[in-house]
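Open the model in your viewer and keep the selection panel at hand. The stops below say what to pick and what is there.

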Amino acid sequence: MTATPGRSEFAGLAKLPWSAQILLSGFLGVIGAFGQAPYDQPAALVIALAGAFCLWRAQADRRAAAVVGLAFGCGYFALALIWIVEPFQVDAARHGWMAPFAVGLLSLGLALFWALAFWAARFVSHATFGLVLTWTAAEIARAYVFTGFPWASPAQVAINGPLSQLLAWGGPHAATFALLLSAWVLSLSAGRILKAGQALVFVAVLSSLYAPLMRPMAELSGNWVRLIQPNAEQHLKWQPDLAEVFFQRQLALTAAPAQTADQVPDLIVWPETAIPWRLETAGPALVEIGRAGNGVSVVLGALRAEGGTLRNALAVIGPEGAPQAIYDKHHLVPFGEYMPFAGLANRLGLSALVAQAGIFSSGPGPELLDFGPLGTALPLICYEAVFAHGVNAAPARPDFLLQITNDAWFGQYAGPQQHLAQARMRAIEQGLPLMRAANTGISAMIDPAGRIISSLPLGQAGFIDAPLPRPDPATLYSRFGDVPMSVFLLVSLVLLCLRQTTVRWSYSD
């Protein structure tokens, strides 16, 4: 039997008991997750990825390679997405028991994409560069399949350094490719002294993950925006005796005077589901909001019913207290706002589960809102800011991105910080400023380079008056989206397959 090319260098790994290899792969996945917020150690991810490449090369067949990828993915996603337990603790007596299953099943489901990448890489080529390609392709699939869930993408760890600016050129999957490429370079040098060229590439990439961004500060538009953060904890938010307290708090923050005459806001933004009433029945409250705005429009999130359906909406409230524009969230959270395959679940007698999963209806799709002198905005409600290609689907290029969210569901640790990182990614990809008002934080004004100009920390009630930056010229990613990267991967994989076929024919001759 002909030995697998390159396996001899990893004979030590191959001699480990099978169970030890799987445990090692899972452990490396856990280490890699420390690259994500709130830990923010991107070197941990690069080193863990390099270890995964080494383990892949040590496997004898596709099935073994797939199991290694599955173990690595399970370890990585279990830690990176540990915040998933938080929504189940809001009503722990009823839902707390589900939390471990939610983390475990979600981690396993996402790890299957990486297992497929490890399997496909061995099918395409015995060269580890094939895994760089298939792993990146798996991340693209993870962003789209079954409505997508690209949370904790490897690209996310690069947000604080210059490598993050690659997002403007090729989006999140180009940044993922760059990280995997650097890990591949490191894996080639395992067990021997780094070659000069490999060392240069690895050090350059690793340094860029930690180096400060040196781009000039964004030019300001001269407009100011007030972001309201009421800090209404999720388990308290809808209690009748406290709902009015949180509403009055937001009114007071809205009406508070600016620090200087130059900082008087031109727009005020409240977070997602900011009022305890349905939009169509909130007339008196909307009048109070319009009055508190003192002539300035107020953006807020609210639930609304239409034609027997319930929608998660964003409304622009004018000075007279009437909605001037309404946007309905179109990319809903599966199992949170709606139940996938609800019809089938009802037929199977799981109607109670369908009801608990949410009964929201989706809006028609992305749309722009006109804010006069400030320009046009693409509204994003919570989860919608996770999807780079979703933001790219706007009907025209806006002047800024506007996100309202209720990150109280995510707790006070990893979830809100990772959500903020993804919002910063969207700003870079589009070359647009992004403002976000979050119920419990982190509310922030973000410039087109992904820098936070001003913010309110987690768990603090208050407001910030922040200057609105001007947009950058349209980025390459905003023009072409994921198409260039997808074509590059497809062509590269085809060429690797052809090369592998040629090698097999030469061996047979």
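Start with the open sheet of six strands, ordered E6-E7-E8-E9-E10-E11 with mixed pairing. Its edge strands are E6 (369-370) and E11 (452-456), each of which pairs on one side only. Bear in mind that this is a predicted model.

Now select residues 443-446. This is strand E10, joined to E11 by four bridges. The two strands run antiparallel. Show Ile446 and look across: Ile452 in E11 stands opposite.

Next, select 220-229 together with 462-469. The first range is strand E1, the second is strand E12. How many bridges join E1 to E12? Seven, and the strands run antiparallel. To find one facing pair, pick Arg226: Asp465 in E12 stands opposite. Colour E12 by accessibility. The strand is mostly covered, with seven of its eight residues buried.

Step back along the chain to Ala211. This residue lies in the loop between helix H10 (196-210) and E1. Is Ala211 buried or partly exposed? Its relative accessibility is 26%, so Ala211 counts as partly exposed. Draw a distance from its C-alpha to that of Pro162. The viewer should give 6.7 Å, although the two residues are 49 apart along the chain. Leaving aside neighbours within four places in sequence, Ala211 is in contact with Asn160, Gly161 and Pro162.

Go inside now. The largest nonpolar core holds 89 residues. Which members touch the most others? Select Trp135, Val269, Phe371, Leu402 and Met435. Then centre on Leu402. Beyond its neighbours within four places in sequence, Leu402 contacts Leu267, Val269, Val299, Leu314 and Phe371, as well as Ala377, Leu378, Pro379, Leu380 and Met435. Phe371, Val269 and Met435 thus appear in both selections. Apart from this core lies another, of 20 residues. Phe247, Ile268, Ala274 and Val296 are among its members.

Finish on the surface. Select residues 483-508, which make up helix H19. Show the side chains of Val483, Val487, Leu490, Val491, Val494, Leu495 and Leu498. They form a nonpolar patch with about 640 Å² of accessible area together. Zoom in on Leu495, placed in H19. Why does Leu495 count as exposed? Because its relative accessible area is 53%, and the cut-off for exposed is over 50%.

How values were computed: Residues numbered from 1 in each chain as written. Predicted model: local features only at pLDDT ≥ 70, side-chain atom pairs only at ≥ 80, totals over all residues. Heavy atoms only, no water. Core = buried A, V, L, I, M, F, W, Y, C linked by side-chain atoms within 4.5 Å. Buried < 20%, exposed > 50% of the residue type's maximum accessible area, 1.4 Å probe, protein only. Contact = heavy atoms within 4.5 Å. Patch = residues over 30% accessible without salt bridge, like charges linked within 9 Å, V, L, I, M, F, W, Y side chains within 5 Å. Areas by Shrake-Rupley, 256 points an atom, 1.4 Å probe, with all protein chains shown as cover. Salt bridge = Lys/Arg side-chain N within 4 Å of Asp/Glu carboxyl O. Pairing = 2+ DSSP bridges.
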